[in-house]
Amino acid sequence: MKNKKGFTLVELLAVISVLAIVMVIVIPAVSNNSKTAKEGILKTKLDLIVDQSIIWGQDHINYFVNESEPLEECTTSDDLVSCKISFGALAKEGYVKYDEGEIISDPTKRRDNLNNEKIDIVYDKKKNDVSATYDSSHLFD
């Protein structure tokens, strides 16, 4: 009987081939999960910013009555005042947390930061109520 040490070249090539096939299947699945997770983090962050902007609007109703700074692009109808405010302005007042330095980061890395993104805040004069909306579709292209 022959004492055999080690593997033959054919055995090694078979193992390497199997590993290569497994890697071809696993790597795209893992990278897709990472992208999905980052998009989920971004959506959660945007939901929080919308909620915080409503609180900001309730705390600053006088801005809507006077249509004053830091509100931008205000439109007024009989019952509604609709204005925009940037994420950065909300962060400067402490309603939204900066991620690093003075930057609200985009976890998907599609944008350098989200500071200049604007949210629509609507004040209903009759109900004396504030609501907010943000169209995030352009962030997920």
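Reader: Which residue in E2 does Glu72 stand opposite?
Author: Happy to start there, with a note that this is a predicted model, where local features need pLDDT of at least 70, side-chain atom pairs count only at pLDDT 80 or more, and totals for chains, interfaces and linings use all residues. Residues are numbered from 1 along each chain as its sequence is written, and side-chain values use heavy atoms, leaving out hydrogens and water. Strands are DSSP runs of at least two residues (E), and helices are runs of at least four (H or I), numbered from the N terminus. Across from Glu72, in E2, stands Lys84.

Reader: How many bridges join strand E1 to strand E2?
Author: Strands pair if DSSP finds at least two bridges between them. E1 (residues 72-76) and E2 (residues 80-86) run antiparallel, and they form a hairpin with 3 residues between them. The number of bridges joining E1 to E2 is 3.

Reader: Which side chain of opposite charge is nearest to Asp106?
Author: Asp106 sits in the loop between helix H3 (87-92) and strand E3 (118-124). Asp106 is buried (under 20% relative accessible area, 1.4 Å probe, protein chains only). Asp106 has no salt bridge (a side-chain nitrogen of Lys or Arg within 4 Å of a carboxyl oxygen of Asp or Glu). At 5.0 Å, the nearest side chain of opposite charge, with Arg positive and Asp negative, is that of Arg111.

Reader: Is Asn116 buried or exposed?
Author: Asn116 lies in the loop between H3 and E3. Exposed means over 50% relative accessible area. Because its relative accessibility is 66%, Asn116 counts as exposed.
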